[in-house]
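Please look over the structure below with an eye to the open spaces on the protein, and to the residues that line them.

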Amino acid sequence: MRSKKDINEIKALFLEHFSGAKTELNFKNLYELLVAVMLSAQCTDKRVNLITPALFEAYPDAHSLAKANLSSLKLLINSCSFFNNKAINLIKMANSVISEFGGEIPLDEKSLVKLAGVGQKTAHVVLIEYQNANLMAVDTHVFRVSHRLGLSKAKTPEATEIDLVKAFKTELNTLHQAMVLHGRYTCKALKPKCNECFLNHICKAKI
């Protein structure tokens, strides 16, 4: 792990360069956010944003999604990775929202993770984006950036999340999105733009 001084510098630089950072997923309400985040698993936000306009026109709320024809839903999202499983989970999720939560998507982690297709990362992203919750979510970008910066050596996203929460403590919502965007556009898996990186001087893995 990095020293407290290094961690504070990394945190300050992320907050400076990504002040008010938000998800690049398009959504108008909590229902649309949850669906978009579910679709975004192992799929790009850009691809999800191409899918969701027609999807939300066909199924504008949990009630309509709960009644969706599985084959029709699959056709609408078939350009998304793992669309078969995602279609099944979307319908199951909507039915649970209707039967267990009176048609209202819950806004607490314990309830969210009970929904089909919603794990801890998805729940955290929803709560971060909708409530500015002081939570961390670790996707492939956050995992890569945190390890290159020496903020974690953990082998799983869940353990990496624990390390990041311990290191940063506050403003986790902004830091999560900052690390996502930094990993997406600068600290890329292939050909990272190290020469353009504002963390170059403090990075453990200059490539």
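The paragraphs that follow describe two pockets in turn, beginning with the largest.

In this predicted model, the largest pocket holds about 630 Å³ of space. Its lining is made up of 25 residues, and those that lie nearest the centre of the pocket are Ser-40, Cys-43, Asp-139, His-141 and Arg-184. Several helices take part in this lining, for two or more residues come from each of α2 (30-40), α3 (45-58), α8 (120-131), α9 (140-148) and α11 (172-185). Among these elements, α11 gives the most to the largest pocket, contributing five residues.

Seen at the level of domains, the lining of the largest pocket takes at least three residues from domain 1 (4-20 + 135-196) and at least three from domain 2 (30-131). When the lining residues of the largest pocket are sorted by class, 10 are nonpolar, eight are polar and seven are charged.

The second largest pocket has a volume of about 240 Å³, and 15 residues line it, with Met-38, Ala-41, Lys-86, Gly-117 and Thr-122 closest to its centre. At least two lining residues of this second pocket come from each of α2, α6 (83-101) and α8, while α6 provides the largest share, with four residues. The classes in the lining of the second largest pocket comprise six nonpolar, seven polar and two charged residues.

Taking the two pockets together, a reader may notice that α2 and α8 are named for both, since each gives two or more residues to the lining of the largest pocket and each supplies at least two residues to the lining of the second largest.

How values were computed:
Residues numbered from 1 in each chain as written. Predicted model: local features only at pLDDT ≥ 70, side-chain atom pairs only at ≥ 80, totals over all residues. Heavy atoms only, no water. 1 Å grid on protein atoms, 1.4 Å probe; cavity = no way out; pocket = protein on both sides within 12 Å on 5 of 7 lines; lining within 4 Å. Points joined across faces, edges and corners; volume = space filled by probe spheres on them. Nonpolar A, V, L, I, M, F, W, Y, C, P; charged D, E, K, R; others polar. Domains from an automatic or database assignment.
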